[in-house]
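User: I have a model open and want to work through some of its strands and cysteines. Can we take it in short steps?

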Amino acid sequence: MEMKKPICLIENTLDNKFQCNPQALEILNSISQPVVVVAVVGLYRTGKSFLMNQLAGKKSGFSLGSTIQSETKGIWMWCIPHPNKYNETLVLLDTEGLGDVEKGDQTNDNWIFALSVLLASTLVYNSMSTISNDAVEQLQYVTELTKYIKVNAEGDQTEDALYAGFFPLFLWTVRDFTLQLELNGKPITADEYLENSLKLKKGDTERIDRFNLPRECIRKYFPTRKCFVFDQPTSPRKMWKIEELSDSDLNADFVQQAKEFCQYIYNEAKIKTIKEGITATGKMLGHLVVIYMDAINSGTVPCLENAVSALAQIENSAAVLNSLSYYKEKMSQDVSLPTDTTEELSDLHGKYEKEALELFMKRSFKDKDHKHQEELAMAVVEEYKSICCKNEEESKKRSLALLQQLYTEMETKVNEGIFIRPGGYQQYKEELNRIVNQYKSTPHKGIKADAVLLDFLKDKEDLGSSILNADNTISKHQMELEVEKIKQETMEQERKAAEEKHKELKQNLLDQERTHKENLEQYMEKAESERKKYIQEQNAILDAKLKEQQQLINEGFAKKSESMAHEIQALRYQIANAGRGGGRCVII
């Protein structure tokens, strides 16, 4: 669904609650692609919306305004095709300005900030002029995050690494930057400028603790950080009509800086993921919005673990239905009933069972105890049983219709008593054999052809005996031989029917074995993939923690560095033991 302009995703109600815009959720629900979610936060009237319009490649879209009033209320959304990456959607979230004097609601600001952190894969914090101590202290919301976001259901928040594993890439953008990027007389990068601004002070006073707290939180919760600085875009008297200005009317340095910022977002901003690297689609993002809104409005703190579990339930149930629908559709398209052999139907079943399972595995995640995988496997088996029954019924129907057609002329003769005469039995046998031979030579009767023929011949045994007994040209000895011959023919037909039934039962066993093997193999492959993603995620957290520990050592904070040792050791233990202990694995 193409969006020509932004739409409100989350809005404030009159009773100080949040509500989702159904139209925005409908848009997200239509996006099956992975999403890159970029959210911008910052104090009101700092030019956040202009940056988002730049990312959208538009002069206008998100409301800019030109007065001291905050324009954006709640969280607004703009979904556009990713400029650089095929099959991805860029979701831009512009948030209500923090610290709006008209609203004067600190709790609302904290929720806006927390929601931005929860939804984004890249979080842009926008401020003005410099990264001064005042600017850092204005980012007070980061110190409150643990009050507004829980990582796990137990509420154990002692491990800051848990937050770092969930939180987005952090970009600090500084607008109307007028300083020289220098430190001690040497040129530095914007990133180095940010890191220098986040250095801690030594000492144990309350004033120093207050200085260090927001910096420690930023460093702990957002281990991956970057900074961009922007010159003033144009003169103050032109700012009110900046939407109407072309690039040639803007400061050339600002235009270049804005391009570099956009290109970094386009090239480096990652797809939104949830626990253990699970890729989020637009539809999943919409579900997360609803889950978080329900938690906030019920008076509870959004829990990442609970959100992932709830999302997994929704997505896995949908994956079962989608995969089963795929199996049914493919079998309906490619299976022509009746099949000539059980193997023919089994081969198609095996092919589409595998593909349906692959489709499920691709979409599903956190399938506790493989409940949904088992549900899909059982549903596919039941559908296959139904198709097998239809296959038998179609075979019986076609075979019976063919025999009835072939027997019509002979039945007329039987009813007219033509065979009740001397020499009539020979004529009867010849015509019956002709019907049997024609029946056997007719293709595509299906797997019940022999069984139907056996029933047909048994049904005609009494008629044949009556005609045989009425034919006085046949001696007693010849009659005994003929009875024995009929008996042998019947036994042969019974053998063929039994053989077909045995092949059918054998194929059923083979189908069951193949289903179990395929489900087990795909489960093991999925488990290994999730294990690798988990290790990759934990290694990234570990690297960030080691980097932070080394930075503390370099800055002379040996005690703070030592306090991280237990946390780092615990992470290493988790990585070393990832995937051990197995788990329940019962698949049909």
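User: In which sense do β3 and strand β5 pair, and over how many bridges?

Analyst: This is a predicted model, where local features need pLDDT of at least 70, side-chain atom pairs count only at pLDDT 80 or more, and totals for chains, interfaces and linings use all residues. Residues are numbered from 1 along each chain as its sequence is written, and side-chain values use heavy atoms, with hydrogens and water left out. Strands are DSSP runs (E, at least two residues), numbered from the N terminus, and two of them pair if DSSP finds at least two bridges between them. β3 and β5 (residues 89-95) pair in the parallel sense, over 6 bridges.

User: What is the bridge partner of V35 in β5?

Analyst: Look along β5 for the residue bridged to V35. That partner is T89.

User: Which residue in β6 stands opposite G42?

Analyst: β3 also runs parallel to strand β6 (residues 122-128), joined by 5 bridges. Opposite G42 in β6 stands N126.

User: How many residues of β3 are buried?

Analyst: Buried means under 20% relative accessible area, exposed over 50%, partly exposed in between (1.4 Å probe, protein chains only). In a regular strand the side chains alternate between the two faces of the sheet. In β3, V35, V37, A39 and V41 are buried on one side, and V36, V38, V40 and G42 on the other. For residues 35-42, the count is 8 of 8.

User: Why does C388 form no bond with C389?

Analyst: A disulfide is a pair of cysteine sulfur atoms within 2.5 Å, and the structure holds 0 of them. The closest cysteine sulfur to that of C388 is in C389, too far for a bond because the distance is 7.0 Å.

How values were computed. Helices (H or I, at least four residues) and strands (E, at least two) are DSSP runs, numbered from the N terminus.
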